[in-house]
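Visitor: I should like to understand how the terms used for a structure are justified. Could you take me through them one at a time?

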Amino acid sequence: MKKPMLLTALLLLAGASATLWAEDGEHQNREKHPKQTSRSLAQAPAVWKTECGSCHMAYPPGLLPATAWKKQMDTLKNHYGVNATLTAEDEKVIRSYLATAAASRRGAAEPPTAGEPPRISRSGWFIRKHDEISPAVWKRKSIGSASNCQACHSGAARGDFDEDGVRIPR
Ligand code: HEC
Ligand code: HEC
């Protein structure tokens, strides 16, 4: 009875990928990198820019799905080794902004996490788009880590990650 089971599994798989193709409207079931709309950044509340942009750039919310941002906001006490807690009022404003401006489910799957909140830089699309960058480059003094988007993308704060604007610093 092994063969029919395998066939069923294959048919199920084919069905699942056909659905994904139809949803993405393109001929691959790969997760595309989400596009940040300038509209959602234009509507960003001031506290998001000041609070979430004080230690690093304020990451455009379209780069992670809402479930991932919720996990970020639920774990601010231990935010990648630092305490990033906010006043209750600011937290409420930022939570609601991130929830509405997050990537659509179609645009981004929640990246895998290991003992820390979800990272943009662990997303499948991120790893694929940056697979030509060697580990030594990420660690350059001028860069520091993959989280430092604006080191290479001059338009990062505007949500502009277009490959035309990329320059890897020495
Ligand atoms: C006190 C400093 C501090 C504040 C305030 C802060 N962060 Fe961070 N954040 C960090 C550090 C440190 C990292 C890890 C950076 C690294 O690995 O190079 C990080 C990483 C991140 C990442 C993952 C970046 C990646 O690699 O994909 C996200 C997303 C993020 N922060 C969102 C937020 C949000 C949203 C807020 C506001 C609610 C915020 N941060 C406020 C210090 C801070
Ligand atoms: C070490 C430099 C460097 C850092 C840091 C970096 N990137 Fe990139 N990024 C690149 C390069 C190089 C490409 C590929 C450009 C190409 O395809 O020719 C790229 C491509 C991209 C693309 C796809 C652009 C397109 O037009 O297809 C996105 C989106 C992106 N990066 C987002 C980010 C985000 C978000 C961060 C921070 C969390 C980040 N990058 C950090 C160098 C970097």
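Guide: The conversation below sets values against definitions. This is a predicted model, in which local features need pLDDT of at least 70 and side-chain atom pairs count only at pLDDT 80 or more, while totals for chains, interfaces and linings use all residues. Residues are numbered from 1 along each chain as its sequence is written, chains are lettered from A and ligands numbered from 1 in the order in which they are written, and side-chain values use heavy atoms, with hydrogens and water left out.

Visitor: What makes up the pattern of the protein chain?

Guide: Helices (H or I, at least four residues) and strands (E, at least two) are DSSP runs, numbered from the N terminus. The protein chain has seven helices and zero strands, and its pattern along the sequence is therefore written α-α-α-α-α-α-α.

Visitor: Which protein atoms coordinate the iron atom of ligand 1?

Guide: Donors are N, O and S atoms within 2.8 Å of the metal (3.2 Å for Na, K and Ca); water is not among the atoms, so sites may look incomplete. NE2 of His56 and NE2 of His79 lie 2.0 Å from the iron atom of ligand 1, and therefore count as donors.

Visitor: Why is the arrangement around the iron atom of ligand 1 called octahedral?

Guide: Six donors count as octahedral if opposite donors are over 155 degrees apart and all others between 65 and 115; four count as square planar under the same angle limits, or as tetrahedral if all angles lie between 85 and 135 degrees, and anything else is irregular. Around the iron atom of ligand 1, the six donor atoms subtend angles of 86 to 179°, which makes the arrangement octahedral. His56 lies in the loop between α3 (46-51) and α4 (66-74), and His79 in the loop between α4 and α5 (88-101), so this pair ties together parts that are 23 residues apart in sequence.

Visitor: Why is His79 called buried, and what is His56 called?

Guide: Buried means under 20% relative accessible area, exposed over 50%, and partly exposed in between (1.4 Å probe, protein chains only). His79 has 12% and is therefore buried, whereas His56 has 31% and is therefore partly exposed.

Visitor: What makes the link between Ser121 and ligand 1 a polar contact?

Guide: A polar contact is a pair of N or O atoms within 3.5 Å; within protein, one must be able to donate a hydrogen and the other to accept it, and residues adjacent in sequence count only if both atoms are side-chain atoms. An N or O atom in the side chain of Ser121 is 2.6 Å from an oxygen atom of ligand 1, and therefore the pair qualifies. A polar backbone atom of Ile120 is 2.7 Å from an oxygen atom of ligand 1.

Visitor: How do you know that the arrangement around the iron atom of ligand 2 is octahedral?

Guide: Its six donor atoms subtend angles of 87 to 179°, which makes the arrangement octahedral. His130 (NE2) and His153 (NE2) coordinate this iron atom at 2.0 Å. His130 lies in the loop between α6 (124-129) and α7 (135-138) and His153 in the segment after α7, so the pair ties together parts that are 23 residues apart in sequence.

Visitor: Are His130 and His153 buried or exposed?

Guide: The relative accessible area is 16% for His130, which is therefore buried. His153, at 12%, is buried.
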